[in-house]
Amino acid sequence: MAKINDNYLKLKAGYLFPEIGRRVRAFGEANPSARIIRLGIGDVTRPLAPAVIKAFHDAVDDLATIDKFAGYGPEQGYDWLINAIIEKSYKPLGVSLKTDEMFISDGSKCDCANILDIFALDNVVAIGDPVYPVYNDTNVMIGRTGEADDKGYYKNIVYLPCNEANGFIPALPDRKVDIIYLCFPNNPTGVVASRAELKKWVDYALANDAVIFYDAAYEAFITDPAIPHSIYEIEGAKKCAIEFRSFSKTAGFTGVRCGLVVVPEEVMGTTPSGERYSFNKLWLRRTTTKFNGASYPVQRAAAAVYSDEGWPQIRETINYYMENARIIREGLAEAGLTVYGGVNAPYIWLKVPAGMTSWDFFDKLLHEANVVGTPGSGFGPSGEGFFRLSAFGNRENVIEAVERIKKNLK
């Protein structure tokens, strides 16, 4: 009989968001007249920008003609999309990248998991706590960890607590690690890292021959001009950092699927014999072997994001979501809750009322206010006592949800 990968059995519970979905479905079936407002999972609600839709349609039409038909494309993405991103998104930051250092994918969630293919299992990994669950769970799945303890921490992963005392910015590891996951603007806490803070991490990585996995999926939501949008704005980062970006939240591609990975040629690892080898070459090999590329229409749609017509339309949608964030943040603060985030990120991280767990608060909001959020403990043990709300709803629902929560807390 075929044997299973029993690393999956180490996972303590079902993935966070399916568990939320299960509870919401059960409540909905028992209360069919309840109008549930979902501010939990970070799925977008605004339609794709007109320029993006036009490019999508035009690309589909291309597939109906002999002259413009596109079959297999380059697995790492079309140069016209990669170059558009470099010119419009990175060069304005003072960041220079080569075309072959960027790889187009079907989303950064997949990339954050798949990148582990090119790193040895005996690398020591450091992860923030709380954290986007994909970072932790995929390391468990591939066999890097031991079993979890009673708190949910897995042996062989170095956890970096992010709490009120440190402003939800993790401290540098107190031991040498090889891989560091950083996410700014952060999911779930909504906090950002200053240039000086990121410089500390880059300096640590360079001094310890470590590699930073930098998840910048929410960089388009940064409103403070002093906050870096890319790790490569920090001197030395191109020697030690791999950056992930996504079109999901920036351009509403959650159902369309498109993302990107930047793997600079200078980011090096070592072979068992001690030779230095570029991770860029390994990622290219992995990509061309295991991936057939994002579809031609999707990449044409992604390129339209950076067009003269597209980017103002994208910014309008981002501003819409950030106004939602302001409404949630200020409304909950008025209700007496302690809130973080929601200024440079579309997530609000709030402290649950005293005496309640984060899942208690989830159930209270669902059953009494018919509002869905995300319990902080689902992002890691240090998330206990906190709760995440998303600004990706429509305006009317956001306003109503805030009023329901305020009423429920009286």
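Let me start with the contact between the two domains: in this predicted model, 37 residues of domain 1 are in contact with 47 residues of domain 2. To place those on the chain, domain 1 is made of two segments, 7-47 and 310-409, while domain 2 covers 52-305, and the C-alpha centres of domain 1 and domain 2 lie 25 Å apart.

As for area, domain 1 and domain 2 bury about 3400 Å² between them, and carbon and sulfur atoms account for 61% of that.

Turning to the polar side of the interface, how many salt bridges does the rule find across the interface of domain 1 and domain 2? It finds 1. If you would like to look at a particular pair of residues on your screens, Lys 351 forms a salt bridge with Glu 164, and the closest N and O atoms there are 2.9 Å apart. Polar contacts across the interface of domain 1 and domain 2 come to 15 residue pairs, where both residues have pLDDT 80 or more.

Which elements, then, supply the side of domain 1 that touches domain 2? At least two residues each come from the helix α10, at 310-334, and from the strands β11, at 339-341, β12, at 347-351, and β15, at 386-390. The largest share of that side of domain 1 comes from α10, which supplies 7 residues.

Finally, sorted by class, the side of domain 1 that touches domain 2 has 20 nonpolar residues, together with 11 polar and 6 charged ones, and I would set that composition beside the 61% of buried area on carbon and sulfur atoms that I mentioned earlier.

Key
Residues numbered from 1 in each chain as written. Predicted model: local features only at pLDDT ≥ 70, side-chain atom pairs only at ≥ 80, totals over all residues. Heavy atoms only, no water. Domains from an automatic or database assignment. Contact = heavy atoms within 4.5 Å. Buried area = accessible area lost by both parts, 1.4 Å probe. Salt bridge = Lys/Arg side-chain N within 4 Å of Asp/Glu carboxyl O. Polar contact = N/O pair within 3.5 Å; in protein donor to acceptor, adjacent residues only side chain to side chain. Helix = DSSP H or I, 4+ residues; strand = E, 2+ residues; numbered from the N terminus. Nonpolar A, V, L, I, M, F, W, Y, C, P; charged D, E, K, R; others polar.
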